[in-house]
Amino acid sequence: MSVKFSVKIGKIEEETGVHVIPVYEDLISDPPIKLSEKIKKILEQVCGREFKGRIEETYVLPTFLEKGPSRIVLTGLGKSSELELDSVRRAYGRAALKIEEMKFSSTYIPIPSLPYDIDLTIQTIVEGILLSLYRFDRYKSEKEKQALEEVYFLVEDESKTGDIQRSIDLAEKICRGVYTARDIANMPSNDCYPEKLAEMAIEVGSRAGFKVRIYKMDELMEMEMGGIIAVGGGSNHKPVLIEMEYDGTCGGDKPYVIVGKAVTFDSGGISIKPSEKMEEMKYDKSGGAAVIGIMEAAALLKLPLRLIGLVPCVENMPSGTAYRPGDIVRFRNGKTAEIISTDAEGRLILADALAYAVEKNPKVVIDLATLTGACIIALGTHASGLFTNNQQLADKIMKSSEKTGEKTWQLPLWKQYKEQIKSDVADLKNVGGRPAGAITAAAFLSEFVRDAPWIHLDIAGTAYTQETSEQKSYIPKGATGVGVRLIIDYLINELKQE
Ligand code: BES
Ligand code: MN
Ligand code: ZN
């Protein structure tokens, strides 16, 4: 994250350089920013003509002024009646990409008057810029150096600098978590297998300030984590369970526990997947990646709460030691499941992790998982599936969803669905047939959370960009880091209520 943000006291008319001005499509000659008549005249040359103010549309306008902006980057907000926070994130993200493309090293951002608190406006602008500039270039021999180095928020009123600085800091720390989640999820499976993921978690923990414990095979056996052991059995890379803890309280508070599926590669195992798009299954660790990113952001922000992150981590491979269809597995809480498909592996590793999570006497349990293709069939790639046993909690998450633009949509978890996952020979079976596949997977998980308030997020459609994903400036191709901003926003709101 190589952009430096700072606050500058001054007026647009007096600062030379590149300035970003947002414009509504339907208020094209009246940008939501205080401008001199002279600058308004300049904008009139293109506004409503070459530049329409559509969402994510940009236009770079040289001014030829001797004093004041040398260039104005116009960025479209779309229609004012359709404005949402995400429009702001997208508009400033797109402007940043444009500025980067033009190889400018710095830019001014006069603070716009939008229908949001100034803190939230700044936070959203910083998110848009940082997230759009993310690049995964670890495996490129020639790395392009980022041109944009400095962003100045331009304000006239000195009394606001403290607030602005705080919003910048908040957004930077959240984005650091998103970057980590994207980096991990984008890693190829030959370089990111369970033990490697564990090392990465340890490294993030020591940097951000949270504890990390790794449970390896022998401990997993002692802990009777039959799901993780079965799924991990087919690979030469042994499975691990990563446990992370950050305590920002005086100690002993009930923890928020977040659980993330990390299948470093999902070949399907013995029930092997077709080869088409199988390379995308490196992203099957996105839930776990998000949990590590959330831990990092929460610790950097020093949130005054207790947070436990659990990441069951396996590679799902076919081999002579792999688990098979027909096998019966026993989980940590004593329940058993008959394996119908070794490709329905996520729920098996989550079962152990969730059973372990509820032993922590949690306040809330949230899991994130690229769990089912069926969730993509149901909702497409625009929203994560949301499932819960606690409507109040779901409402809070959905509120954060609106604010962060990380869309979620609730699906029912009626008891009737449980019929589909009853087995003749074990307590459960791991596949409930084609109908309502995302729901029966969630119903399977619900067997392991007892009565803890619980949310399951199926991020199969949102964890990485796919053919039908909406193109957004701040979401480059590949892993999106979905879940980090959502859950951090939820946690911050929790603190406001107490
Ligand atoms: N990791 C996949 C789900 C997935 C599919 C994520 C596409 C992202 C994109 C999961 O482990 C899986 O294979 N699920 C099966 C379940 C089925 C065998 C009941 C599926 O969705 O086909
Ligand atoms: Mn699978
Ligand atoms: Zn999977």
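**A two-metal site and the largest pocket**

Along the chain, the residues that donate to the manganese ion (ligand 2) are spaced D-x76-D-x1-E. Asp266 sits in strand E10 (residues 262-266), while Glu345 falls in the loop between strand E13 (336-338) and helix H9 (346-358), so this pair ties together parts that are 79 residues apart in sequence. The model is a predicted one, and what follows should be read with that in mind.

Around the manganese ion (ligand 2), the coordinating groups are Asp266 (OD), Asp343 (O), Asp343 (OD) and Glu345 (OE), at 2.1 to 2.2 Å. Asp343 thus turns up with both its O and its OD. As for geometry, the six donor atoms subtend angles of 71 to 169 degrees at the manganese ion (ligand 2), which makes the arrangement irregular. Six donors would count as octahedral if opposite donors were over 155 degrees apart and all others between 65 and 115.

Next door is the zinc ion (ligand 3), with 3.1 Å between it and the manganese ion (ligand 2). Its coordination comes from Lys261 (NZ), Asp266 (OD), Asp284 (OD) and Glu345 (OE), at 2.0 to 2.4 Å. Here the sequence spacing reads K-x4-D-x17-D-x60-E. The site of the zinc ion (ligand 3) also has six donor atoms, but with angles of 78 to 175 degrees among them it comes out as octahedral.

Asp266 is the bridge between the zinc ion (ligand 3) and the manganese ion (ligand 2). Glu345 likewise appears among the ligands of the manganese ion (ligand 2) and among those of the zinc ion (ligand 3). Both residues are tucked away from the surface: Asp266 is buried, with a relative accessible area of 3%, and Glu345 is buried too, at 1%. The cut-off for calling a residue buried is under 20%.

Turning to open space, the largest pocket holds about 1000 Å³. Its lining is made up of 37 residues, and the closest to the pocket centre are Lys273, Asp343, Thr372, Gly373 and Ala374. Asp343, then, is among the residues closest to that centre and also a donor to the manganese ion (ligand 2). The elements giving two or more residues to the lining are H9, helix H10 (373-379) and helix H12 (437-446). H10 gives the most, with four residues. In terms of chemistry, the lining is a mix of 12 nonpolar, 13 polar and 12 charged residues.

Conventions:
Residues are numbered from 1 along each chain as its sequence is written. Chains are lettered from A and ligands numbered from 1 in the order in which they are written. This is a predicted model: local features need pLDDT of at least 70, side-chain atom pairs count only at pLDDT 80 or more; totals for chains, interfaces and linings use all residues. Side-chain values use heavy atoms; hydrogens and water are left out. Donors are N, O and S atoms within 2.8 Å of the metal (3.2 Å for Na, K and Ca); water is not among the atoms, so sites may look incomplete. Four donors count as tetrahedral if all angles lie between 85 and 135 degrees; four count as square planar and six as octahedral if opposite donors are over 155 degrees apart and all others between 65 and 115; anything else is irregular. Buried means under 20% relative accessible area, exposed over 50%, partly exposed in between (1.4 Å probe, protein chains only). On a 1 Å grid over the protein atoms alone, a cavity is a set of points where a 1.4 Å probe fits but cannot get out, and a pocket is an open set with protein on both sides within 12 Å along at least five of seven lines; lining residues have an atom within 4 Å of a point. Grid points are joined across faces, edges and corners, and a volume is the space filled by probe spheres set on the points. Ala, Val, Leu, Ile, Met, Phe, Trp, Tyr, Cys and Pro count as nonpolar, Asp, Glu, Lys and Arg as charged, and the others, Gly among them, as polar.
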